[in-house]
Amino acid sequence: MNENTVLLKASDLKKTYFSSVGEVQVLHGITMEIMTKEIVTIVGASGVGKSTLLNLLGALDKPTSGKIEIEGTDLSTMDDGELSEFRNKTMGFIFQFHHLLPELSAVENVMLPALLRGDSKKSGMNRASELLSDVGLSHRLHHKPSELSGGERQRVAVARSLMNEPKLILADEPAGNLDSANAESLYELMWMLKEEREQTFVIVTHNEELARRADRTIRMEDGLIVE
Ligand SMILES: Nc1ncnc2c1ncn2[C@@H]1O[C@H](COP(=O)(O)OP(=O)(O)OP(=O)(O)O)[C@@H](O)[C@H]1O
Ligand SMILES: [Mg+2]
């Protein structure tokens, strides 16, 4: 098996929000690496900047200063169009609230990232159906989000995050809205994906037990990594 290599490297990331109520410096200089095939959890109290950091790592937002490289590509060298193409190709996202489109069925939601990159509807549909089977939802392909349970919706979100074979999946409190049984089965699914597909995950969580199971845990306090 290949050795793990550096997938993502963040150097001295700082983030300041400028709003009507003034400036808020949220990240004070974050330096970290994510290796391939690892599950890293990010923990810390509410408001320390976990979601802010995850949004920067996923190129959903830009740092005020500092650098993010993914397999050697410096994200700051890309314009907005290049960045969104890179993001769609390289990253998968799972949020606390599923962010599925309500008017689309499960299979249509899952195939969307593939259509965005120009795949045909037929191949997108086939792959989306396979992924939904992989997450245990072959009997729910044509249900809309409102016709699914909370746990099922998050499984659809996991399938969607896998659609474009991302190098990195970023999850922000993916089980924050689930009961403990559904949370447990969501985590089992993620660990299974790591074992079977060598999928790399960064997961923000308040769940200490989950954090302990990860390959590595990053603990944040006041916009800095403390451990
Ligand atoms: N757009 C914004 N403008 C101004 N301040 C913001 C903005 N987004 C976040 N903040 C502030 O930045 C800080 C960090 O927010 P962030 O969402 O990263 O925290 P978090 O660690 O994810 O917290 P939680 O565990 O509650 O999700 C908070 O104090 C928040 O109020
Ligand atoms: Mg958050």
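Tutor: Before we look at this predicted model, one term is needed: a helix is a DSSP run of H or I with at least four residues, and helices are numbered from the N terminus. Helix 1 covers residues 50–57, and a run of that kind therefore meets the requirement of at least four residues.

Student: Which element gives the largest share of the shell around ligand 1?

Tutor: The largest share comes from helix 1, which supplies three residues. The residues around ligand 1 are Tyr17, Val26, Ala45, Ser46, Gly47, Val48, Gly49, Lys50, Ser51, Thr52 and His206, and each of them is counted because one of its heavy atoms lies within 4 Å of the ligand.

Student: How is that shell divided by residue class?

Tutor: It divides into four nonpolar, six polar and one charged. Val26 is one of the residues around ligand 1, and valine counts as nonpolar, whereas glycine is placed among the polar residues, so Gly47 and Gly49 are on the polar side of that division.

Student: What makes the approach of Thr52 to ligand 1 a polar contact?

Tutor: A polar side-chain atom of Thr52 lies 2.6 Å from an oxygen atom of ligand 1, and the limit for a pair of N or O atoms is 3.5 Å, so the pair qualifies. A backbone N or O atom of Gly49 lies 3.0 Å from an oxygen atom of the ligand, and for Val48 a backbone N or O atom is 3.3 Å from a ligand oxygen; both values are within the limit, and therefore both pairs count as well. As for cover, the protein hides 59% of the 640 Å² of accessible area that ligand 1 has on its own.

Student: Why is Gln199 called buried or exposed, whichever it is?

Tutor: The relative accessible area of Gln199 is 6%, and buried means under 20%, so Gln199 is buried. This residue lies in the loop between helix 6 and strand 8, and its side chain reaches the backbone oxygen of Pro166 at 3.3 Å.

Student: Where is Glu198, and what makes its phi angle worth a remark?

Tutor: Glu198 is found in the loop between helix 6 (180–197) and strand 8 (200–204), and its phi is near 55°, a positive value in a residue other than glycine. Its relative accessibility is 33%, a value between the 20% and 50% cut-offs, so Glu198 counts as partly exposed.

Student: Which class of exposure does Asp222 have, and how do you know?

Tutor: Asp222 has 62% relative accessibility, and exposed means over 50%, so Asp222 counts as exposed. It is placed in the loop between strand 9 (216–221) and strand 10 (224–225), and its phi, near 45°, is a positive value in a residue other than glycine.

Student: What is found at Thr200, and how do you know whether Thr200 is buried or exposed?

Tutor: Thr200 lies in strand 8, and its relative accessible area is 2%, which is under 20%, so it is buried. A polar atom of its side chain lies 2.8 Å from the backbone nitrogen of Lys37, and because this is within 3.5 Å, the pair counts as a polar contact.

Student: How far is Lys37 from Leu168 in sequence and in space?

Tutor: The two residues are 131 residues apart in sequence and 9.0 Å apart in space, C-alpha to C-alpha. Leu168 lies in strand 7 and, at 1% relative accessibility against a cut-off of 20%, it therefore counts as buried.

Student: How many cavities does a search of the whole structure find, and what makes a space a cavity?

Tutor: The search finds one cavity of 30 Å³ or more, and it is called a cavity because a 1.4 Å probe fits there but cannot get out. Its volume is about 30 Å³, and it is lined by Leu54, Asn55, Leu60, Phe93, Phe95, Leu170 and Asp172. Helix 1 and strand 7 (168–172) are the elements that give two or more residues to this lining, which by class has five nonpolar, one polar and one charged.

Student: What is the volume of the largest pocket, and which residues lie nearest its centre?

Tutor: About 470 Å³ of space lies in the largest pocket, and of its 17 lining residues Asn88, Phe93, Pro113, Leu116 and Arg160 lie nearest the centre. Helix 3 gives the most to this lining, with four residues, and the lining divides into eight nonpolar, seven polar and two charged. Phe93 thus appears in the lining of the pocket and also in that of the cavity.

Key. Residues are numbered from 1 along each chain as its sequence is written. Chains are lettered from A and ligands numbered from 1 in the order in which they are written. This is a predicted model: local features need pLDDT of at least 70, side-chain atom pairs count only at pLDDT 80 or more; totals for chains, interfaces and linings use all residues. Side-chain values use heavy atoms; hydrogens and water are left out. On a 1 Å grid over the protein atoms alone, a cavity is a set of points where a 1.4 Å probe fits but cannot get out, and a pocket is an open set with protein on both sides within 12 Å along at least five of seven lines; lining residues have an atom within 4 Å of a point. Grid points are joined across faces, edges and corners, and a volume is the space filled by probe spheres set on the points. A polar contact is a pair of N or O atoms within 3.5 Å; within protein, one must be able to donate a hydrogen and the other to accept it, and residues adjacent in sequence count only if both atoms are side-chain atoms. Accessible areas come from the Shrake-Rupley method with a 1.4 Å probe; for residues, only the protein chains shown count as cover. Buried means under 20% relative accessible area, exposed over 50%, partly exposed in between (1.4 Å probe, protein chains only).
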